[in-house]
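Colleague: Could you take one part of this model and walk me through its surroundings slowly, starting from a single side chain and then widening the view? I am still learning to read such structures, so please keep the steps connected.

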Amino acid sequence: MIKNINILDLFLPSGTMQFMSRQKKLLPNSHTELYGQCLQFYGQPPLENIALSEFETFAVERLKLLKTVENLGVSYVKLSEQYTKKLDQESKNLNFPYRSGPSEIEKRRKDHISHFILRLAYCQTEDLRRWFIQQEVDLFRYRFSYLSSKQKLEFLHKNNLQYDAISVEEKKALQDKLVNSSYAVSGITVEDQDFYKVPFQDALDLVRTRKVYLKAGYVYIPHQDIVTIILNDFRTRLSKALALTARSLPAVHSDERLQPLLNHLSHAYQIDSLSGKSFPLCMRQLHQALRENHHLRHGGRMQYGLFLKGIGLSLEQALQFWRSEFIRGKVDADKFDKAYAYSIRHMFGKEGKRTDYTPYSCMKVILSNPPSQGDHHGCPFRHSDPELLKQKLQFYKVSPSGISQILELVKGMHYQLACQKYFELTHNVSDITFSLNHPNQYFVESQKVLGGGKDIKREMDTPQRSQENSGRGSAAAREAAANASQHLAEMTEELDSFFQDA
Amino acid sequence: MYYSFPSTTSVQKNYFQNREFSFTLKDDIYVRYQSFTTQNELEKEMQKMNPYKIDIGAIYSHRPNQHNTVKSGTFQALEKELVFDIDMTDYDDVRSCCSAADICCKCWSLMTIAIRILDRALREDFGFHHLLWVYSGRRGVHCWVCDEAARKLSVAARSAVAEYLSLIKGGEETVKKVVLTDPIHPFIRESLAVVERYFPRYALQEQDILGRKESVDKVLSLVPEDVRKELQQDFQNEKKPESRWKLVRDQATKKQATAKKGQYFEKEIMLQYCYPRLDVNVSKGVNHLLKSPFSVHPKTGRISVPINLKELDVFDPFAVPTISLICEELDRPRAGEDEEKSEESKDKENEKDAAERRKIRDYKRTTLAKYVKYFDQFLDAMARSWKGELLRKSGKF
C-alpha cells in the first residue's frame, strides 16, 4: 500500500490545469515564508506529500484540539484567562502552534495540513460543516488575540484585507463624526484605539444599521470591531471552501486508505455531539462506554443499537459505526464481520426470522434485563447506585439543585420523571409538555427544543449514498422514523392498558 | 448612442450581448429575456415589435434569449447597475396637494429633496461617481449608479446600501415613521441640512401642514403628549404657520436640554414629511428590470429624460417632451433640406451613411437635444473613467 498521500490532489477537481498553474505562481518559496505567522486563513491547500501515518495522527490530534476548543467554549468565557491558559496547554500538549516564535514552523505545518484533512471529513453535511466552522473560528479568534498591533496589520495585508489604520491626525479630524456614528464609540475610544478603513462591502451589517462612519466607500472601524469583521471573513471563506470541497469529494472517496478514516472521524464526532445534546442518560452512558472501551456487551448493543436505528441510522451506517468502534478495541475486522455484524443485521430484521426489532421503551429498559457487572445498559435512574448517579450527573454538569431534585424523584421510584427532569435541566426549559416513556421520544423532543427542525436522518447519510441513491437513502430513513413513531404510539397504548388493567 | 448606455457602462466585450431587455407590447404583453448581438439588431427589433415600454435588466452569464438552453443553476446575473426608484405615491400620507399617480409643481419638491439627499450620500458616503438621475415620465425619478463597484455589488450589499439610506419605517398603521436616537449619525445630519433648506417653503407654505386643522393634528400626533398639549394651546393664539413652527422648535430645544428620549421630534417631523422614500426591493434585486432612459411612458407619453443636477431646482416635469411633441418636431421641415437631398442622391453609395447621419442629427432639432447632450456627457465621463482604469491596470499610469 502506498504510504504517501498528496494532499493537493484531493482538493483539486479533476482537469483543473488552469488552477494548478495559477497556484504554482502563488507558491511561496519556503516553509518559512508560508508559515511566517502562527495563524493563517488556510487559503491554499498544502502542496506536499505526507506519510499516511502522519495523515492519521495529524487529523486525530487536530480533532482533539477542536474538541477542547468546543468544551472550553462551553465552560469558560472565550478569551478569558482560564480559557486561554487551558487552550495554551492543550495546544502545547498536542504540538500545535499557539504563539509567535521561530521554532514554530513544524507545528504550523502540522496545523496547515491537519486543517485541510479535517475539511475533507467535515464538509459532508450541514451539521458537520457548522461544527467545524464554529471551532475553527474560535481557534482563530484565540490565536489572533495573541498578535501585536503590528503583527495584526501585517496579517491583514498578507491576506489581501486592505484594512489600513488611519493616522492619528486623520483620527483627530474625524473625531466628532466617529463619535456620532456609533453608540459604542466615545472620545476615549477614538483616542485609545486604532481605527481602520475598511471597504464598505466588507462591513455590510454595520452599514445596514448605520452604526458606523462611512466616507467615500470606506467605513471607519475601531480595533475592537475589526476582529469581528475578520472573523466573519474567515467564517465566510471557510464556509465557501467547504462547499467546494464537498463537491469534489469523489476524488477522496476513490482513495481507499482515506475513506474509513474520514468516515470514522466525522461520524464518530457527530454521534458524540448528539449524545451530549439529545440522548437520554441511558444512551449517553452507553455511547460513552462504547467509545471508551471500544466494546459493549449484548444487552448494551441491543439497547443502544436499536435506539440508533430509531434515530435514523441505516443498516450500512450502523455496521460502519459499530465496526469502526470495535476494531479500535480488541476485535479485528474479520472477527467483527463474523461475530458482530450478524447481530447488527439481525437488529434490522435482515437475518433469522427477520423481525425488524423496535427500539426499547422506557418500561422495557426499566423492567427487563437488569445490568450486571460489566454491563452499561438499563436505566441509570433505576439501576445506578445513587452516589454513582450523582457523580455522573455532576460530570455532565447538572446543577447541584437539579441533582437533588432528580435524586428525590429516584427515591420515589419515579424514574421516568427523573429523566424528564434531566431533560429540563440539560435543555434549560421548564415546561415540557410531553410525558416521557421512550428514549427515542426523548431524542425527538430534544431535537425539537434545540430548534433542529432539520432532518437528522438525512444529515447522517454518507455522501456516497446521497450521490448515488439519495432517494432510497432518505426513504429508508423516513421509514425508520415512521417506524419509531409508530412504535412509540403502540408503546403508549400498551402502557395505558397496562396501568388500566392494574 | 442609446446602445452605448447598456454597454459602455461596462468594460468587458460581450456585455451587450448578455444584457437583458424586456419589452411591454400592445395589450400589456410582457416579454423578458430579450437580448441582441448588435445595436442594429436591437433597433430592428424595436421597430418591428413597437414596444410601449422598454426595461433594462442585468448582464448575465449567457445570452438571455438563450437562457432556457443553459444548464439550470448556471444562468446567473453577473453585473447590474445599482438602481433606486422614488415614487410619489409613497408620499401620499404626507402630501395634501395630490395623491396616487398625480403630481404637481408643489409636491415635485419632494423629488428635488430626494435627489439632493441621495445623490450626496451615494457620492460622499459610498464613493460612487457615475450617477444618472432619470425622470420616470410620470410620478417619480430613478437613479442608475453605474460605477463598476456598484455593478458588482451582491444582493446583500445592495440591500445594505438601501437600508442605510432608509429613514422612514412603517406603513399605514404607523403614525410615527421616524424615530431618532442619540447619537445622530452624520448621514442623518447631512440629510437634515438638505431638508431644512426646503422645509419652510415646501411644507409650511405650499403644503400648509400647520395651517388646516387636520394637517395640524397630524403634525402634532408626532410630538410627545405633554408637548402636544402645550402646542395645541399655543396654536389657538398663533395662526401663522412659520410662527407655529418656531413654537414647535422652541419646544424641541427645551426637551433636548433635559430629556433622554423623544427629544428630536422637530427633526423627526421634518424627515417624516420630506425625507426620500425608497422601495428597497427595487434596489436589492439583481434580476430586477428598470425602465430604460429615453423610453416613453405609456400612460403620459412623456420621455424618460435624464435630469441635469446643475439645473435641478428649475427642472419642470411638465416641460419634459412627450412623444407626440417629438414626432411633431421631427415632422417639421428643415431649412436647406432640399439642397441636401439633391447632393446626396448624386452619390448612392453614401445613401446609407446619409440616412444614418440624418437620423443622428434629427434629434438635435427636437426638445430632446439638451437631454441627449447631458446624457452624452455622462457617458463620456464614464468612458474616461474606465479608460483610466485600463491604463492604470496596464501599468501605464
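**A close look at a buried lysine**

Modeller: The side chain of K291(B) reaches the backbone oxygen of S136(B), at a distance of 2.8 Å. Please keep in mind from the start that this is a predicted model. A second partner of the lysine is S304(B), whose side chain is joined to the side chain of K291(B) by a polar contact of 2.4 Å. Along the chain, K291(B) belongs to strand β8 of chain B, which covers residues 290-291.

Is K291(B) buried or exposed, and which side chain of opposite charge is nearest to it? K291(B) is buried, and the nearest side chain of opposite charge is that of D55(B), 6.9 Å away. A salt bridge needs a side-chain nitrogen of Lys or Arg within 4 Å of a carboxyl oxygen of Asp or Glu, and K291(B) has no salt bridge. D55(B) nevertheless appears among the residues in contact with K291(B) once neighbours within four places in sequence are left aside. That list also includes K53(B) and I54(B), as well as H142(B), W144(B), V296(B) and H297(B), and both serines, S136(B) and S304(B), are on it too.

From this lysine we can widen the view to the chain that holds it. Chain B has 15 helices and eight strands, and 48% of its 397 residues are buried. When contacts in chain B with a separation of 6 or more are considered, 66% of them are between residues 24 or more positions apart.

Charged pairs elsewhere in chain B make a useful contrast with the lysine. One of them is formed by R277(B) and D93(B), whose side chains meet in a salt bridge with an N to O distance of 2.8 Å. This pair links distant parts of the chain, 184 residues apart: R277(B) sits in the loop between α10 (265-274) and α11 (280-284) of chain B, while D93(B) sits in the loop between β5 (82-87) and α3 (108-125). R277(B) has a relative accessible area of 7% and is therefore buried, whereas D93(B), with 27%, is partly exposed.

Another salt bridge stays within one helix, where K246(B) pairs with D250(B) and the closest N and O atoms are 3.1 Å apart. Both residues lie in helix α9 of chain B, residues 241-258, and they are four residues apart, about one turn of the helix. K246(B) has a relative accessible area of 51% and so counts as exposed, while D250(B), at 37%, counts as partly exposed. Salt bridges can also share partners, and in this way R62(A), D111(A), E136(A) and R143(A) are joined into one network.

Over all chains, a search of the whole structure finds 46 salt bridges. In one of them the side chains of E163(B) and R208(A) meet, at 3.4 Å from N to O. E163(B) lies in helix α5 of chain B (residues 155-164) and R208(A) in helix α11 of chain A (residues 204-208), so this pair joins two chains. E163(B) is partly exposed at a relative accessible area of 30%, and R208(A) is partly exposed at 23%.

That pair brings us to chain A, which contains 26 helices and six strands and in which 51% of the 502 residues are buried. Among its contacts between residues at least 6 apart in sequence, 67% join residues at least 24 apart. A165(A) offers a small example to look at: this alanine is in strand β3, residues 164-165 of chain A, and its relative accessibility of 32% makes it partly exposed. The C-alpha atoms of A165(A) and D194(A) are separated by 6.3 Å, although the two are 29 residues apart along the chain. Beyond neighbours within four places in sequence, A165(A) is in contact with L153(A), F195(A) and Y196(A).

The last stop is the empty space inside the model, where there are three cavities of 30 Å³ or more. The largest cavity has a volume of about 120 Å³ and is lined by 15 residues, with C282(A), C362(A), C379(A), F381(A) and C419(A) lying nearest its centre. At least two residues of this lining come from each of the helices α15 (281-293), α19 (362-367), α20 (380-383) and α23 (415-427) of chain A.

Technical notes. Residues are numbered from 1 along each chain as its sequence is written. Chains are lettered from A and ligands numbered from 1 in the order in which they are written. This is a predicted model: local features need pLDDT of at least 70, side-chain atom pairs count only at pLDDT 80 or more; totals for chains, interfaces and linings use all residues. Side-chain values use heavy atoms; hydrogens and water are left out. Buried means under 20% relative accessible area, exposed over 50%, partly exposed in between (1.4 Å probe, protein chains only). Lys and Arg count as positive and Asp and Glu as negative; His and the chain ends are not counted. A polar contact is a pair of N or O atoms within 3.5 Å; within protein, one must be able to donate a hydrogen and the other to accept it, and residues adjacent in sequence count only if both atoms are side-chain atoms. Contact means heavy atoms within 4.5 Å. On a 1 Å grid over the protein atoms alone, a cavity is a set of points where a 1.4 Å probe fits but cannot get out, and a pocket is an open set with protein on both sides within 12 Å along at least five of seven lines; lining residues have an atom within 4 Å of a point. Grid points are joined across faces, edges and corners, and a volume is the space filled by probe spheres set on the points.
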